Amino acid sequence: MQKFDPATAIQRLDGRDANRGVNPAICDSATFTFPEAHLMTETFHGETEGYFLYSRHWNPSNLALCQALAAMEGTEAAWVTGSGLAAITCALIHEVKSGDHIIASMTTYGGTFAFMANYMGKFGVETTFVNFQDLDAVRKAVAEHPNTKVLYTETMNNPLLRIANIPELSKIAHGIGAKLIVDNTFTPMIFSPYRMGADVVVYSMTKFINGKNDCVAGAICGSGEYINSLIDVNTGTCMLLGPVLDPMRSSSILKNLHTLHIRMQKHSENAMYLAKRFKEVGFKYNYPGLPEHPDHELFNSMMNPGYGYGGMISIDMETADAASRIMEIMQKKGVGYLAVSLGYFKTLFSNSGKSTSSEVPEDLQREMGMSEGLIRFSMGLDNDIEATFQLIKEAVDESRR
Ligand code: PLP
């Protein structure tokens, strides 16, 4: 694969506004004027360039963020939504109709799992959940369901940090004319799934991309034709369901996107440091940056150089009670916060099975290898990571007394 640097792709964009402000001006208009009536009609039909119709469709502030996201992702276009789940659900709904099938990784964010397992059925769309580490199992599921329209996975999955083989999965999807939709929320910049064959890349920008935990937001990245189809006034899922991101938020997220590369490097550096220290003291840890991780080589073969192995790391405390005790002590000691979500400048930790994956039935949690004592950390931008390690170790020791 040709070398690609997402951060440089964003930096090369000229983001100035019409008054040469270095940040694009915030456009807080819901509707837009036209100098001539026929231009309005033509814009409705998607026949004009440079005209805005209505902010549920396009808005200049959203466009500025979308151009930067598309540059980062190596896609032609992007569109931004009011949450990550809105991006995921719209991308899925857009591809399927009653009677179609989805093959999804059995290890996804709980909300995504719940949407496919509990919600899509009422529209006649069934999902088969498969272990995506086992490509033969994916091929078998696809063969058993010739009506499959979508293969769905996270690049780095939640919460087990396994890596999906995007090039191979895209071949399987394309072999039957289906689309591969990839949630790259855990690994922006580290992986560029579209460049490896995915058709659509979705994000919860609530996480690393924004990095400030001050809003909920999402993005859908893909070809220009695809993004236009999402906002078609007659048939576009995004235009008709209306999950558009508020332009004020687009403006603040765009400014945060410009520091994403530095943040990702630091999140990764800190997680890698902890992984090595956890290994030294004999904690049962899980981090794809060390060779012991089953997908370390696959990670190496897919990653963009320079951003590390990501800021997510987990330790297994075996029981939910032990995990709870340690998390409470860690919070008191100032390691970070006992909170769901990720990609924040402070460390966040939670017991996955009791929180972000609690929608996944317990027997499936065990089948996918998730221990009930699994603590998932989203490492913050800590300046003294050895001191953080010492606090975590103290918390573990104290909890055992
Ligand atoms: N994808 C992943 C991997 C997530 O962890 C989450 C949320 O936790 C989502 C999607 C949903 O995003 P949002 O909360 O922005 O709707």
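The following conversation concerns the ligand shell and the two domains of a predicted model.

Student: What kind of model is this, and how are the residues numbered?
Tutor: The model is predicted: local features need pLDDT of at least 70, side-chain atom pairs count only at pLDDT 80 or more, and totals for chains, interfaces and linings use all residues. Residues are numbered from 1 along each chain as its sequence is written, and side-chain values use heavy atoms, with hydrogens and water left out.

Student: Which residues come nearest to the ligand?
Tutor: Of the 16 residues around the ligand (a heavy atom within 4 Å of it), the nearest are Leu 85, Asp 183, Ser 204, Thr 206 and Lys 207.

Student: How far is the side chain of Thr 206 from a ligand oxygen atom?
Tutor: An N or O atom of that Thr 206 side chain is 2.6 Å from an oxygen atom of the ligand. For Ser 204, a side-chain N or O atom lies 2.8 Å from a ligand oxygen atom. Gly 84 uses a backbone N or O atom, also 2.8 Å from an oxygen atom of the ligand.

Student: Which helix gives the most to the shell?
Tutor: Helix α4, residues 84-95, does so with three residues; helices here are DSSP runs (H or I, at least four residues) numbered from the N terminus.

Student: Changing topic, where are the domains?
Tutor: Domain 1 spans 6-257 and domain 2 spans 260-399, with bounds from an automatic or database domain assignment. Their centres, taken over C-alpha atoms, are 27 Å apart.

Student: How many residues does each give to the contact?
Tutor: Domain 1 gives 41 residues and domain 2 gives 44, where contact means heavy atoms within 4.5 Å.

Definitions and conventions:
A polar contact is a pair of N or O atoms within 3.5 Å; within protein, one must be able to donate a hydrogen and the other to accept it, and residues adjacent in sequence count only if both atoms are side-chain atoms. Helices (H or I, at least four residues) and strands (E, at least two) are DSSP runs, numbered from the N terminus.
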